[in-house]
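Please find below some notes on the model, set out as numbered points for discussion.

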Amino acid sequence: TQLDRLVALKILPPEMASEPENILRFHQEAKSAARLDHENIARVYYCGEDQKLHFIAFEFIDGKNLRVIQESRRSLPFDQVLNWMIQVARGLNHASARGVIHRDIKPRNILIDSNCDVKICDFGLSTFDTFNSLHRTEYICTRWYRAPEILIGNKQYDFKVDVFSAGCV
């Protein structure tokens, strides 16, 4: 409110905040996303706690997620989809260059704003550097977009799991 900026708030449900591991994961999401500053990734402005509610303040995206767009139309123009996926690839390339693996690329986590620009969001399952140990494998990615190395239980993987998921989208 001090900056008079419209933001999107992600709040950790109070029942999940009773587990310290969930709070660590939530803060890891903020740290992962905060490492990134790219036009195709929703930016993090702040992470904090107020009145026992843990929250992350993200850039507000005036638009819809790709899943909603897909469900509202019978088909999408090839040129438009290609443009969106190029933007997704650029955002993922930026994340990869900074050591961040999203691990949950799916239509719901791809926002299309009112200018038809893409913003990748929801880094709740992301991983970087020493934070890999905070994630349980059962949380990784919606099954329809899951890379084969994750499906077979391989714990050694890299940015290619995001490339695979983007290809599925």
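1. In what order do the 3 strands of the open sheet lie, and is their pairing parallel or antiparallel? In this predicted model, the order is β1-β3-β2 and the pairing is antiparallel. The strands at the edges, each of which pairs on one side only, are β1, spanning 7-11, and β2, spanning 44-50. Direction ignored, neighbouring strands of the sheet are turned against each other by 25 degrees on average.

2. The pairing of β2 with β3 can be described further: β3 covers residues 53-59, and 6 bridges join this strand to β2, the two running antiparallel. Within this pairing, aspartate 50 has leucine 53 of β3 standing opposite.

3. Helix α1, made up of residues 20-34, packs on the sheet and touches β1, β2 and β3, while the direction of α1 makes about 20 degrees with that of β3.

4. Turning to helix α5, which residues of this helix are buried? In α5, which comprises residues 160-168, they are Val161, Asp162, Ser165 and Ala166. Viewed down the axis of α5, the buried residues fall within an arc of 135 degrees, and therefore they line one face of the helix. An α-helix has 3.6 residues a turn, so residues three or four places apart point the same way. The partners against which the buried residues of α5 pack are α3 (78-97) and α4 (148-151).

5. Two points on aromatic side chains remain. The structure holds 1 aromatic pair; as for charge and ring, arginine 5 lies over the face of tyrosine 45, at 4.0 Å from the ring centre.

Conventions: Residues are numbered from 1 along each chain as its sequence is written. This is a predicted model: local features need pLDDT of at least 70, side-chain atom pairs count only at pLDDT 80 or more; totals for chains, interfaces and linings use all residues. Side-chain values use heavy atoms; hydrogens and water are left out. Rings of Phe, Tyr and Trp (its six-membered ring) pair if their centres lie within 6.5 Å; planes under 30 degrees apart count as stacked, over 60 as edge-to-face and the rest as tilted. A charge sits over a ring if NZ of Lys or CZ of Arg is within 6 Å of the ring centre and within 35 degrees of the ring normal. Two strands pair if DSSP finds at least two bridges between them. Helices (H or I, at least four residues) and strands (E, at least two) are DSSP runs, numbered from the N terminus. Axes are lines fitted to C-alpha atoms, for helices over the stretch in contact, and angles run from 0 to 180 degrees between N-to-C directions. Contact means heavy atoms within 4.5 Å. Buried means under 20% relative accessible area, exposed over 50%, partly exposed in between (1.4 Å probe, protein chains only). The arc is that of the directions from the helix axis to the C-beta atoms.
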